[in-house]
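Trainee: I have a model to go through with you. Can we take it piece by piece?

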Amino acid sequence: MEINLAELKNGLKEELDLEIEEKIESLSCFGDHIPLIDPVVFRGKIYNVNGELYMDGFVESTGEFNCYRCLNKFHQKIMGEVHEKLMEEDASEDEMDDYFVIKNDKINISEIMENALTLALPMKIVCHEDCKGLCPVCGKNLNEEPCACEKDDIDPRLAKLRDLLQ
Ligand SMILES: [Zn+2]
Ligand SMILES: [Zn+2]
């Protein structure tokens with residue numbers, strides 16, 4: 001979705017309030033695709049300060065993740081923020097940030113929303129803070145029920161040492 005900034009740039013408007021809802025299929029992150037199950041919502045504004053345009057706002061959606069401990073699918077809200085200066089396409093190279101470039105008086109807000117959500121993705125995500133994960137021996141999901149495997153809590157690096165001592 002493109003937002004036309006002509007009126008802001010020529011001073012006809014001081015501020016543009018935005019509330020945008022758009023379907024984005026998924027986010028890509030480190031070669032992974034995180035499906036988005038809710039439309040992406042952006043609430044914020046673009047405003048003119050002494051001829052320069054700035055954008056502030058919040059973006060949110062809900063992603064479908066795989067828990068890295070138990071591998072189960074679960075849904076979690078993703079919330080990102082945007083606080084950026086918008087640059088003209090002809091701005092000098094090092095000032096350029098691909099997502100915040102004004103081309104022909106327009107910006108592509110879909111790219112901005114997608115970028116802000118991607119930046120807000122957690123590195124490692126678990127379904128619950130106390131997720132017990134999978135048993136390393138039998139692979140059973142320990143959140144559902146405990147398994148009958150021998151519990152060996154020794155760190156695998158220390159286990160090697162223990163074997164040597166025996
Ligand atoms: Zn889990
Ligand atoms: Zn087990």
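Mentor: One cut-off first: a residue is buried when its relative accessible area is under 20%, and exposed when that area is over 50%. Keep in mind that the model is predicted.

Trainee: With that cut-off, is cysteine 135 buried or exposed?

Mentor: The relative accessible area of cysteine 135 is 4%. The limit for burial is under 20%. Cysteine 135 is therefore buried.

Trainee: And cysteine 147, buried or exposed?

Mentor: Cysteine 147 has a relative accessible area of 15%. That value also has to be under 20%. So cysteine 147 is buried.

Trainee: Which residues are the protein donors of the zinc ion (ligand 2)?

Mentor: The donors lie 2.3 Å from the ion, and each gives its SG atom. Their spacing in sequence is C-x2-C-x8-C-x1-C. They are Cys135, Cys138, Cys147 and Cys149.

Trainee: How many residues apart in sequence are the parts tied together by cysteine 135 and cysteine 147?

Mentor: Both cysteines serve as donors to the zinc ion (ligand 2). Each lies in the loop between α2 and α3, so the pair ties together parts whose separation in sequence is 12 residues.

Trainee: What arrangement do the four donor atoms around the zinc ion (ligand 2) make?

Mentor: Check the angles. Ideal tetrahedral donors subtend 109.5 degrees. Around the zinc ion (ligand 2) the angles run from 106 to 113°, which makes the arrangement tetrahedral.

Trainee: Now the zinc ion (ligand 1). Which residues coordinate it?

Mentor: Coordination is through SG atoms, at 2.3 Å. The donor spacing reads C-x2-C-x56-C-x3-C. The angles of 105 to 113° make this arrangement tetrahedral. The residues are Cys67, Cys70, Cys127 and Cys131.

Trainee: How many residues apart in sequence are the parts tied together by cysteine 70 and cysteine 127?

Mentor: Both of these cysteines are buried. Cysteine 70 sits in the loop between β6 (52-66) and β7 (73-88). Cysteine 127 sits in the loop between α2 (109-119) and α3 (156-165), so the pair ties together parts separated in sequence by 57 residues.

Trainee: Over to serine 61. Which backbone oxygen does its side chain reach?

Mentor: Serine 61 is in strand β6. With 2% relative accessibility, it counts as buried. Its contacts beyond four places in sequence include Leu36, Pro39, Gln76 and Leu117. At 2.8 Å, the side chain reaches the backbone oxygen of aspartate 38.

Trainee: In strand β3, which side chains point to one face and are buried?

Mentor: Side chains alternate along residues 26-29. Ser26 and Ser28 point to the other face and are not buried. The buried ones are Leu27 and Cys29.

Trainee: Which residue takes a positive phi in the hairpin of β3 and β4?

Mentor: The two strands run antiparallel, joined by four bridges. Serine 28 stands opposite histidine 33 in β4. Two residues lie between the strands, and the phi in question is near 50°. The residue is phenylalanine 30.

Trainee: Last, the whole protein. What percentage of its 166 residues is buried?

Mentor: The fold has three helices and nine strands. Along the sequence they follow β-α-β-β-β-β-β-β-β-β-α-α. The accessible surface is about 11,200 Å², with 49% of it from carbon and sulfur atoms. The buried share of the residues is 34%.

Definitions and conventions: Residues numbered from 1 in each chain as written. Chains lettered and ligands numbered in written order. Predicted model: local features only at pLDDT ≥ 70, side-chain atom pairs only at ≥ 80, totals over all residues. Heavy atoms only, no water. Donors = N, O, S within 2.8 Å, 3.2 Å for Na, K, Ca; no water. Tetrahedral: all angles 85-135°; square planar, octahedral: opposite > 155°, others 65-115°. Buried < 20%, exposed > 50% of the residue type's maximum accessible area, 1.4 Å probe, protein only. Polar contact = N/O pair within 3.5 Å; in protein donor to acceptor, adjacent residues only side chain to side chain. Contact = heavy atoms within 4.5 Å. Pairing = 2+ DSSP bridges. Areas by Shrake-Rupley, 256 points an atom, 1.4 Å probe, with all protein chains shown as cover.
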